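Subject: the structure we talked about

Hi there,

Here is the structure I promised to pass on. Have a look at it first, then read my notes below.

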Amino acid sequence: KEFKHICLPAEYNENTIKPELARKLYKHGLLDPNRLSPANLKELTIDLGAVSYQAQVNQNPADKSNSIIQEDWLPIISFADWQRIIEDKTLKINFYIDGAYTDVTSRDPSAIVCCTKVNEILYILNVAQVWKQFNDLCRYVYSWCESNGMNYQSKVVIEPMGPGKDLISNLRQEFPVNAVSGPPPKGQKKERLSNISGLVQGGKVALIEGHWNRLLLDEISSNDNPRDDIQDAFCMSVVDNLVTG
């Protein structure tokens, strides 16, 4: 028998919507702006977790067995162990940003990765994912980085694609932030993950225990996650600290 495949994710994704004619059902990037509003979808993301959300709500499950980066490659360090690791050490904490200047949650968010390197191991200290317009984002970046240990030695590395240069310029002018341009991303996203996979598998990257751990792990251990902003910021941090740094 012939089968007709119908796939209607809550959020618009031209790669998964079937049939193509169904694309016209979407309004402002959403299948049902009333019942599945941005606020409802954000709540579902928290309740289900990123992986289950993509499978159930966006109809796009991922097979993690074939992931370029396996989540069990990244050890999670308890806060007590972290205090022992950094005892008598002065930390230089840096921040990596993939910016998207919108407060519409059906679109790409901005992502920030906070990290430091100790004894040739990169420790991810915190991660943020936010939907904010440009001016609000600038204020948020400064406040968030300051609350996560930014000092005069820290640098805030921003992906220069799109309006990234505007973010760099504004942060330099309006706030005491050492904002710098990161190198333009090279290759496809899977290629960037492949380029750092050996370092991650070799134990060169670790996470400090926190509520954000699952958010990061779900994104970097999926080859085809439609949301990849944290992934991009993570790749920038690994390359800058363990490859070119």
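Let's begin with a spot to find on screen: in which loop is Ser154 found? Look between α4 (134-147) and β5 (156-158), since that is the loop that holds Ser154. Do keep in mind that this is a predicted model.

Is Ser154 buried or exposed? Ser154 has a relative accessible area of 1%, so it counts as buried, the cut-off being under 20%. The side chain of Ser154 reaches the backbone oxygen of Ile93 at 2.6 Å. Leaving aside neighbours within four places in sequence, Ser154 is in contact with Ile93 and also with Asn94, Phe95, Gly149 and Asn178.

Now go to helix α4 itself, where you will find Trp144. Trp144 is buried too, because its relative accessibility is 10% and the limit is under 20%. Its contacts, again without neighbours up to four places away in sequence, are Phe95, Ile112, Cys114, Asn126, Val127 and Ala128. So you can meet Phe95 twice on this tour, as a contact of Ser154 and as a contact of Trp144. If you want a sense of distance, try Trp144 and Glu20: they are 124 residues apart in sequence and 41 Å apart in space, C-alpha to C-alpha.

Next stop is Glu11, in the segment before α1. With a relative accessible area of 8%, Glu11 is buried as well. Which side chain does the side chain of Glu11 join in a polar contact? That partner is Tyr53, at 2.9 Å. Beyond four places in sequence, the residues that Glu11 touches include Tyr26, Gly29, Leu30, Leu41, Asn58 and Arg227.

Then there is the largest pocket, with a volume of about 680 Å³. It is lined by 25 residues, and the closest to its centre are Thr45, Ile46, Gln129, Trp131 and Leu215. Two or more lining residues come from each of α1 (38-48), α2 (50-56), β4 (121-130) and α7 (213-220). Which of these gives the largest share? It is α1, with five residues. By type, the lining has 11 nonpolar, eight polar and six charged residues.

Last one: helix α8 covers residues 229-243, which is 15 residues. From first C-alpha to last, α8 reaches 20 Å, close to the 21 Å expected. Helix α8 is mostly covered, with 13 of its 15 residues buried.

Happy exploring!

Definitions and conventions. Residues numbered from 1 in each chain as written. Predicted model: local features only at pLDDT ≥ 70, side-chain atom pairs only at ≥ 80, totals over all residues. Heavy atoms only, no water. Helix = DSSP H or I, 4+ residues; strand = E, 2+ residues; numbered from the N terminus. Expected span 1.5 Å × (residues − 1). Buried < 20%, exposed > 50% of the residue type's maximum accessible area, 1.4 Å probe, protein only. 1 Å grid on protein atoms, 1.4 Å probe; cavity = no way out; pocket = protein on both sides within 12 Å on 5 of 7 lines; lining within 4 Å. Points joined across faces, edges and corners; volume = space filled by probe spheres on them. Nonpolar A, V, L, I, M, F, W, Y, C, P; charged D, E, K, R; others polar. Polar contact = N/O pair within 3.5 Å; in protein donor to acceptor, adjacent residues only side chain to side chain. Contact = heavy atoms within 4.5 Å.
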